[in-house]
Amino acid sequence: MTVLAIEDLHVWFELPDGKELHAVQGIDLSLERGERLGLVGESGCGKTTAILAMMGLLPPTASAAGRILLDGEDILAGGDNTMRAHRWTDIAMVFQGAMNAFDPVKTIGSQIREPMQAAGLAKGKAARARTGELLELVGIAAERQDRYPHEFSGGMRQRAAIAMALACEPKVLLADEPTTALDVMVQAQILELLIRLTDELGLAMIMVTHDLPLVSQVCQRAAVMYAGRISEIGTTSELYHHPQHPYTRMLFRATPDLLAERDVISIPGSPPRLDQEIIGCPFRPRCDAAIDTCAIAYPPTRTAEPGHLSACFVEESA
Amino acid sequence: MSLIDAPMTPLNEVRKSPSRLRSLLSFLRKHPQAAIGFVILMFFVFVAIFGPYFAPYGEREQVGPIFGTPSSAHPLGLDDGGIDMLSLLIYGARVTLIVGFAGAVVAMVVGGAIGIISGYFGGKTDNALMRTTDYFLVLPDLVLMIVVASIWGRSLRNIIIIIGLIYWTFMARLIRSQVKVVRERAYVKRAQALGATHTRIIFKHVIPQIAPLLLAQTVLMVALAIFLETAISFLGLGDPSVTSWGKMIETAFSRSAISYGAWWAIAPPGIAVALVIMAFNMVGTAAEDSLNPRLKVSHLSRRHFRLRPLPDKEAPK
């Protein structure tokens with residue numbers, strides 16, 4: 001059952017000099033109940049912007065177009081008014097660096113209760129009890145809800161941030177780099193927790209990250225973003241074993257692999273600026289397989305296997 | 001490896017940052033009130049500098065009857081000594097602006113220095129300096145003015161010192177709190193770790209960070225200083241040998257211009273003072289807003305992102 005479907009989502013930012021930056025240039029995604037989808041790509045590829053758009057948390061300088069379907073209902077259609085009704089109650093988010101986002105002068109518990117009370121789901125004793133349950137769910141003793149953020153370790157704060165995202169029993173969880181800045185052991189705990197939560201609660205999750213091995217470990221499917229578009233999407237094992245897009249292939253080769261005996265490469269150059277129109281494939285200047293056609297138009301979407309789509313003119317034979 | 005030799009993407013040229021003049025112009029364009037204030041200021045500064053060359057009559061030249069009414073020869077009439085009001089106003093601009101700027105600069109230098117030392121070193125130094133500041137803060141302005149003027153005598157220099165003495169406390173407190181913030185930044189710690197001296201850290205890392213704030217506050221303080229100068233002169237504590245707008249109001253007042261019905265002897269300098277103070281405030285607040293965008297709390301405002309129709313599906317080019 002599809003919980004969340006994104007259709008042709010665009011986001012533009014107004015720049016101070018009057019120009020416009022087309023940060024997200026039409027992405028399509030769909031998410032099943034209990035599914036974990038990884039969103040990977042270099043910095044500045046529009047990953048965070050895309051999920052902020054799904055939360056309706058774009059800044060006033062942004063404008064958006066497209067459809068965001070939550071259980072078939074277009075929640076983007078009415079702008080902030082329709083997004084607000086679903087924010088946190090249906091779609092919740094663990095922000096980048098969420099563990100540092102707690103208010104230092106309020107207890108962890110009171111900060112987790114806030115969205116519940118705002119949404120009118122629980123108050124008083126019931127809210128306290130529910131906060132305790134949520135903390136237990138992420139592996140923190142319920143009594144700790146009266147502690148202050150500085151009394152928690154980084155990993156505990158991150159788990160508390162996840163508990164906060166779960167406060168209103170959302171259907172979709174957006175996690176923006178939930179494990180960066182944590183050490184490997186804590187990282188493993190958090191990932192295990194996220195996997196367990198999606199399995200047990202049927203929560204659908206989109207995880208934004210730079211870390212490819214992490215995606216293949218956690219997610220069933222992954223989407224590779226480049227220059228505001230999805231260049232390839234498919235199951236993680238398909239992407240790893242049969243990458244169709246040169247960018248995907250090069251990204252994997254840029255990651256050290258314990259088992260494969262090969263050199264780690266770097267992809268030269270950096271992603272293009274998005275404040276001017278790009279003609280042809282945006283990856284062409286950096287691609288090792290580019291052909292003449294690449295300079296003419298954006299590549300059409302090609303289906304390699306059912307559910308495995310890529311946007312490249314060149315047939316990859318990996 | 002051939003990949004490394006692949007051309008860098010040409011789409012990544014570095015955006016040139018705008019020149020200073022250009023950013024000043026775009027600042028004025030975005031803040032119309034600052035532009036208006038700036039134009040008014042430029043006008044008065046021009047008058048203050050070049051006024052004596054085009055003032056129609058002399059500063060002490062009797063050209064007509066006492067409290068002569070405004071006429072085509074004397075658009076603003078004559079004062080109690082038969083001196084042309086327009087000429088007096090032009091000469092007064094120079095004194096008023098000099099006192100305003102000088103007083104604000106004294107306040108900025110003294111207050112800024114004390115604020116920086118107090119905020120940067122903290123501890124006992126901070127305590128001693130801040131208690132001194134508190135002491136000056138509770139002194140009643142008017143009484144201090146009267147006492148200083150009567151002990152040291154009535155001169156332009158003393159007025160500037162009084163203004164500095166009254167206003168440095170505001171500056172010191174403001175700067176101190178900002179320095180305390182900057183001092184805790186990682187790059188200051190890094191400079192300390194690398195063995196930079198306090199002097200180097202203050203001049204290289206702290207002052208550049210607080211300079212915009214210092215500047216904006218100084219502009220606002222000029223307005224206060226001009227107001228205070230007018231007040232001091234009006235109370236008859238100004239320098240008797242020079243013409244300032246405050247002194248013009250005072251003379252007109254004490255020579256009973258009001259009972260003569262000679263409104264032209266009081267209104268023009270009053271309007272001039274009000275205009276200049278307003279102009280400084282307009283420029284100062286706009287500068288403060290743009291230097292400290294948090295004052296606008298835009299992230300808490302009720303504005304949201306906009307929706308727009310989907311772009312046309314481009315046909316493959």
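In the predicted model, B:A191 counts as partly exposed because 17 C-beta neighbours lie inside 10 Å, fewer than the 20 at which a residue is taken as buried. This alanine is found in helix α8 of chain B, which spans residues 186–193. When neighbours within four places in sequence are left aside, B:A191 is in contact with B:A196, B:I201 and B:H205. With the last of these residues, B:H205, a C-alpha separation of 8.7 Å is found, although the two positions are 14 residues apart along the chain.

B:G115, found in helix α4 of chain B (residues 85–121), counts as buried, since 29 C-beta neighbours lie inside 10 Å. Once neighbours within four places in sequence are set aside, the contacts of B:G115 are with B:M171, B:A172, B:R173, B:L174, B:I175, B:R176 and B:V179. The C-alpha atoms of B:G115 and B:M130, which are 15 residues apart along the chain, are separated by 8.7 Å.

The confidence assigned to chain B has a mean pLDDT of 81, with 88% of the residues of the chain reaching 70 or more. Over residues 1–12 of chain B, however, the pLDDT is below 50, and this stretch nevertheless has 22 contacts in the model beyond near neighbours in sequence. Where pLDDT is low, the predicted coordinates should not be read in detail. For the complex, the predictor gives an ipTM of 0.70 and a pTM of 0.67.

Chain A has nine helices and twelve strands, and 45% of the 318 residues of this chain count as buried. Among contacts in chain A between residues at least 6 apart in sequence, 64% join residues at least 24 apart. An open sheet of eight strands is found in chain A, with mixed pairing and the order β6-β7-β8-β3-β9-β10-β12-β11. In this sheet β6 (91–94) and β11 (301–305) of chain A stand at the edges and have a single partner strand each, so one side of each is left without a neighbour in the sheet. From one strand to the next, the twist averages 20°.

Two helices of chain A pack on this sheet. Helix α1 of chain A (residues 47–55) touches β3, β6, β7 (172–176), β8 (204–209) and β9 of chain A, and the direction of this helix makes about 150° with that of β7(A). Helix α9 of chain A (residues 246–253) packs on the sheet by touching β9 and β10 of chain A, with a direction that makes about 105° with that of β9(A). Within α9(A), the residues A:P246, A:Y247, A:T248, A:M250 and A:L251 are buried, and the buried residues of this helix pack against α7 (212–218), β9, β10 and α8 (236–241) of chain A.

Strand β9 of chain A (residues 221–226) is mostly covered, with six of its six residues buried. In a regular strand the side chains alternate between the two faces of the sheet. Both faces of β9(A) are covered, with A:R221, A:A223 and A:M225 buried on one side and A:A222, A:V224 and A:Y226 buried on the other. Strand β3 of chain A (residues 36–40) pairs with β9(A) in the parallel sense over four bridges; in this pairing, A:L39 has A:A223 as bridge partner, and A:V40 has A:V224. With strand β10 of chain A (residues 229–235), β9(A) pairs in the antiparallel sense over six bridges, and the partner of A:R221 in β10(A) is A:T235. The hairpin of β9(A) and β10(A) has two residues between the strands, and A:A227 takes a positive phi near 50° in this hairpin.

A helix pair was also examined in chain A. The axes of helix α3 (residues 108–118) and helix α4 (residues 124–137) of chain A come within 9 Å and cross at roughly 115°, and the crossing in which α3(A) passes α4(A) is right-handed. On the side of α3(A), the contact is made by A:G109, A:I112, A:R113, A:M116 and A:Q117, whereas α4(A) contributes A:A127, A:R130, A:T131 and A:L134. By class, this contact of α3(A) with α4(A) has four nonpolar, three polar and two charged residues.

Technical notes
Residues are numbered from 1 along each chain as its sequence is written. Chains are lettered from A and ligands numbered from 1 in the order in which they are written. This is a predicted model: local features need pLDDT of at least 70, side-chain atom pairs count only at pLDDT 80 or more; totals for chains, interfaces and linings use all residues. Axes are lines fitted to C-alpha atoms, for helices over the stretch in contact, and angles run from 0 to 180 degrees between N-to-C directions. A crossing is left-handed if the near helix is turned anticlockwise from the far one by less than a right angle, and right-handed if clockwise. Two residues are in contact if their C-beta atoms, placed from the backbone, lie within 7 Å. Ala, Val, Leu, Ile, Met, Phe, Trp, Tyr, Cys and Pro count as nonpolar, Asp, Glu, Lys and Arg as charged, and the others, Gly among them, as polar. A residue is buried if 20 or more other C-beta atoms lie within 10 Å of its own, exposed if 12 or fewer, and partly exposed in between; C-beta atoms are placed from the backbone. Two strands pair if DSSP finds at least two bridges between them. pLDDT is the predictor's confidence in each residue, from 0 to 100.
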